[in-house]
Amino acid sequence: MSIETLPILDLSQADDPATAPAFREKLREVTHTVGFFYLTGHGIPEEDFDRIVEVAQRFFALPEDEKLAIENDHSPHFRGYTRTGGERTRGEVDWREQIDIGLDRAPLTEEEIEFPFDRLTGPNQYPENLPELKEATDRWHAQLSAVGDRLLSEWAQSLGQPADFFAQAFADDPASFIKIVRYPATEDGAITQGVGEHRDGGTLTLLYPQPGTTGLQVKTDDGWIDADPIPHAFVVNIGKLLEVATDGYLTATVHRVLPTRPGEDRISIPFFYNPSLRSQLPRVELPAELKEKTRGVSQDELDVLHAVYGENAFASRLRSHPNVAQKYYAEHLVPQT
C-alpha cells in the first residue's frame, strides 16, 4: 500500500458502540500494513501537552553541571541524563541529549535479584532545581499508561480476543518509561543522524514531538515518509513484542530521526509502554482469516529477540549506553572482534 502521510485515528470513537467496530478494524489494518499512526481523541488536556514541552525546555536550559550531576553513569538502572552523543543506535552516535525517567522504585536487594535485567528496577534521578520535572512526568506517565491500556484493549478485540487479553502482563509493576529528548542545532553537515534506523523493542510507543519541528521519518515500501507533528496528537507505533505476539500480523516498523537543521533545535518526548520486566505478552491465536496473513517475525541484523521483556530491555540498554554498561555490567558485554 502506497502512503504519503500517516493515517489519523480518533480514540474517542472506541467509546461509542456505533463507531467502535470501525475504529478497531482501522486500528488493526493500519498496524498490519504501516505500523504507525497519529492518535487524537485521547482525552488528555491540551495544556498538559504544552506543559510537558515547557518543562522539558527548562530542563535542557539548566547549567551543564546541574545536568551532569544526574548523568546516567551514576545509575546502574540507566536512569538520568545522557549528554549529547552519549547514546548509540546500531553502534553509531545519536546526536541528542536526554533524560530517562521510569517508575520510581527502590532497587531490588541481592536476594531479590534473579536475572540481570532485575537491576533495571530502581530510582530516577531528578535535578535539584527543577521540582516541576517530577510533577510533570509523574502526571504524564499516569495519563499515557491509561492511553496504552485502552489501545491494547482495542487491539485485543480487533484480533478476536477478550478486551483484557494483554492486561496480565502489565499488572505487576510495568516497565514503561519516558525519554525527554532534545535534538541540538547542528552547525554543519557533519552530523548524519538524530537517531539511527531502528524498530522499538517493547509493546507500543506514544510520541509527542514538539509542534512546528520536523525530523521523524517512517520507512514504507515506497521509501521514507515524514511524520511531522500534529499539535496535541501522538505519533503511535508498535514495538517488536506485539509483532512477536501476533506472529508478524502486526508490524514493528523501521524509523529514524534526521538531525536538526542548522540553527534549530527540537524537543521530542517518547513514552514507551511496556510490560513488567519478567513478563511476556501472550501469543495471539488469530482467527483464520487473519492468520493466513501473518508474515512471521522480521529479523534485524543486531537483534536477538526474547519473549521476556526484561531480556530485550537489558540487551538494548547495554548496546545504547556504553558508559553505563562498561561501568556496571562489563561482564555482560560481548567482546568486539
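## Charges over rings

Let's start with a pairing that is easy to find on screen: the charged end of Arg-256 sits over the ring of Trp-224, 3.9 Å from the ring centre. A second arrangement of this kind involves Arg-317, whose charged end lies over the ring of Phe-177 at 4.6 Å from its centre.

## How far to trust the model

Please keep in mind that this is a predicted model. The protein chain has a mean pLDDT of 91, and 95% of its residues reach 70 or more. Confidence is lowest in strand E5 (residues 92-94), where the mean is 81, and highest in E1, at 98.

## Aromatic pairs

Across the whole structure, a search turns up 15 aromatic pairs. One of them joins Phe-170 and Tyr-273, which are stacked with 4.6 Å centre to centre and 10° between the planes. Phe-170 belongs to the loop between helix H4 (132-158) and strand E7 (177-183), while Tyr-273 belongs to strand E14 (residues 266-273), so this pair ties together parts that are 103 residues apart in sequence.

Are these two partners buried or exposed? Phe-170 counts as buried because its relative accessibility is 9%, under the 20% cut-off. Tyr-273 is buried as well, with a relative accessible area of 2%. Elsewhere, Phe-49, Trp-140, Tyr-208 and Phe-234 come together in one aromatic cluster.

## Helix H1 and its surroundings

Helix H1 covers residues 20-33, which makes 14 residues. From its first C-alpha to its last, H1 reaches 20 Å, close to the 20 Å expected at 1.5 Å a residue. Just after H1 comes Gly-35, which takes a positive phi of about 85°.

Which residues of H1 are buried? They are Ala-20, Phe-23, Arg-24, Leu-27, Arg-28, Val-30, Thr-31 and His-32. If you follow these buried residues outward, you will find them packing against strand E1 (8-10), strand E2 (36-40), H4, strand E12 (234-238) and helix H6 (288-291).

## A look at Thr-205

Thr-205 has its place in strand E9 (residues 204-209). With a relative accessible area of 4%, Thr-205 is buried.

What does the side chain of Thr-205 make a polar contact with? Its partner is the side chain of Asp-200, at 2.6 Å. Leaving aside neighbours within four places in sequence, Thr-205 is in contact with Asp-200, Val-235, Val-236, Asn-237, Pro-270, Phe-271 and Phe-272.

Conventions: Residues are numbered from 1 along each chain as its sequence is written. This is a predicted model: local features need pLDDT of at least 70, side-chain atom pairs count only at pLDDT 80 or more; totals for chains, interfaces and linings use all residues. Side-chain values use heavy atoms; hydrogens and water are left out. Rings of Phe, Tyr and Trp (its six-membered ring) pair if their centres lie within 6.5 Å; planes under 30 degrees apart count as stacked, over 60 as edge-to-face and the rest as tilted. Helices (H or I, at least four residues) and strands (E, at least two) are DSSP runs, numbered from the N terminus. Buried means under 20% relative accessible area, exposed over 50%, partly exposed in between (1.4 Å probe, protein chains only). A charge sits over a ring if NZ of Lys or CZ of Arg is within 6 Å of the ring centre and within 35 degrees of the ring normal. The expected span of a helix is 1.5 Å times one less than its number of residues. Contact means heavy atoms within 4.5 Å. pLDDT is the predictor's confidence in each residue, from 0 to 100. A polar contact is a pair of N or O atoms within 3.5 Å; within protein, one must be able to donate a hydrogen and the other to accept it, and residues adjacent in sequence count only if both atoms are side-chain atoms.
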